[in-house]
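Student: Could you walk me through how to read burial, strand pairing and pockets in a model like this one?

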Amino acid sequence: MKIVIFDMDGTLLDSKKDITVSVNYVREMHHNLPPLSEEFIVEAINMEVRNLSMLFYETEVYHPKDRELFEAHYEQECIKNVYLYDGVEELLQKLVESEIKISVATNAPTQFALRMLEHLKVKPLFDVIIGADRVSASKPSPEMLHHILNHYAYDAKNHKAWMVGDNTKDILSAKSAGIESIFATWGFSPKSDAKLIVKKPAEVLDIVL
């Protein structure tokens, strides 16, 4: 058995415009702050160590009222501008046709992952879609990956598994879970010193098939 676990934002799909709109909505409504650029927000999200509440809302901690407003706004916003990267749908179809198991492990809340992947008509292809709200620690913790691997009754001696992502957190989570990682450069992070790097989705097939 072969398993490919995908990150979502910046790997399967481009969500930066909608994330930016919702972050800026909270900035305006709760903090009277000017809007941030998409580039700033993507860079902040991809930082290995960061305080997003400070970067986004200039608060030391992420206040519940900000989280609640963001999630309420993003629930509607998240499907307005999101799109799959070129070649991703073909990659997913080919993996499924080749009887390779595919799942999603995202640091986004599960409800948004389900809504976005359903909107983009690829949700039925995945066996498991899990977000950070379903585990005690998000990536780089391997907890989500362990959840998915356990779903498949993964056996390291007889099975093969990869984590595909655009962030060092994806690479570190794969290492901690004892599986291989593939770094995707077409999304939010164009550069990496990872061992396996792919520049377009079709290159994943060359590795896993």
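Student: Let's take V88: is V88 buried or exposed?

Tutor: The model is a predicted one, so keep that in mind throughout. A residue is called buried when its relative accessible area is under 20%. V88 has 1% relative accessibility, so V88 counts as buried. You'll find V88 in helix α5, residues 88–97.

Student: Which residues is V88 in contact with, leaving aside its neighbours within four places in sequence?

Tutor: For V88, the contacts beyond those neighbours are T11, L12, W186 and P201. For a sense of distance, try H147: 59 residues along the chain from V88, with 24 Å between the two C-alpha atoms.

Student: What about M8, where does M8 lie?

Tutor: M8 is in the loop between β1 and β2 (13–14). M8 has 0% relative accessibility, so M8 counts as buried too. Once you set aside neighbours within four places in sequence, M8 is in contact with L13, V104, A105, T106, A108, A113, M116 and L117. M8 and L172 are 164 residues apart in sequence, yet their C-alpha atoms are 16 Å apart in space.

Student: Now strands. Which strands does β1 pair with, and in what sense?

Tutor: For pairing, look for at least two bridges between two strands. β1 pairs with β6 (residues 160–165) in the parallel sense over 5 bridges. β1 also pairs with β4 (residues 101–106), again parallel, over 4 bridges. F6 is a handy residue to follow: its bridge partner in β6 is V164, and in β4 the partner of F6 is V104. Remember V104 from the contacts of M8.

Student: How many of the residues of β1 are buried?

Tutor: In β1, which covers residues 2–6, 4 of the 5 residues are buried, so call the strand mostly covered.

Student: How should I read a helix like α8, and which of its residues are buried?

Tutor: Go from the ends to the faces. At the N-terminal end, N167 caps α8, with a side-chain oxygen 2.8 Å from the backbone nitrogen of K169. After α8 comes G178, with a positive phi near 80°. Along α8 itself, K169, D170, I171, S173, A174 and A177 are buried. The cover over those buried residues includes α2, α7 (143–151), β6 and β7 (180–184).

Student: And pockets? What is the volume of the largest pocket?

Tutor: Here's the general idea: rolling a probe the size of a water molecule over the atoms shows where empty space is left. In this model, the largest pocket has a volume of about 990 Å³. Its lining takes in 35 residues, and R50, L52, N107, A108 and P109 lie nearest the centre. A108 was also among the contacts of M8.

Student: Which helices each supply at least two residues of that lining, and how do the lining residues divide?

Tutor: The helices are α1 (16–31), α2 (38–46), α3 (52–57), α4 (64–77), α6 (110–119) and α8 (168–177). By type, the lining of the largest pocket holds 16 nonpolar, 8 polar and 11 charged residues.

Student: What lines the second largest pocket?

Tutor: The second largest pocket has about 190 Å³ of space. There are 13 lining residues, with N167, T168, F183, K191 and S192 nearest the centre. You've met N167 already, as the cap of α8. The largest share of this lining, 3 residues, comes from α8. Its residues divide into 5 nonpolar, 5 polar and 3 charged.

Technical notes: Residues are numbered from 1 along each chain as its sequence is written. This is a predicted model: local features need pLDDT of at least 70, side-chain atom pairs count only at pLDDT 80 or more; totals for chains, interfaces and linings use all residues. Side-chain values use heavy atoms; hydrogens and water are left out. On a 1 Å grid over the protein atoms alone, a cavity is a set of points where a 1.4 Å probe fits but cannot get out, and a pocket is an open set with protein on both sides within 12 Å along at least five of seven lines; lining residues have an atom within 4 Å of a point. Grid points are joined across faces, edges and corners, and a volume is the space filled by probe spheres set on the points. Ala, Val, Leu, Ile, Met, Phe, Trp, Tyr, Cys and Pro count as nonpolar, Asp, Glu, Lys and Arg as charged, and the others, Gly among them, as polar. Buried means under 20% relative accessible area, exposed over 50%, partly exposed in between (1.4 Å probe, protein chains only). Contact means heavy atoms within 4.5 Å. A polar contact is a pair of N or O atoms within 3.5 Å; within protein, one must be able to donate a hydrogen and the other to accept it, and residues adjacent in sequence count only if both atoms are side-chain atoms.
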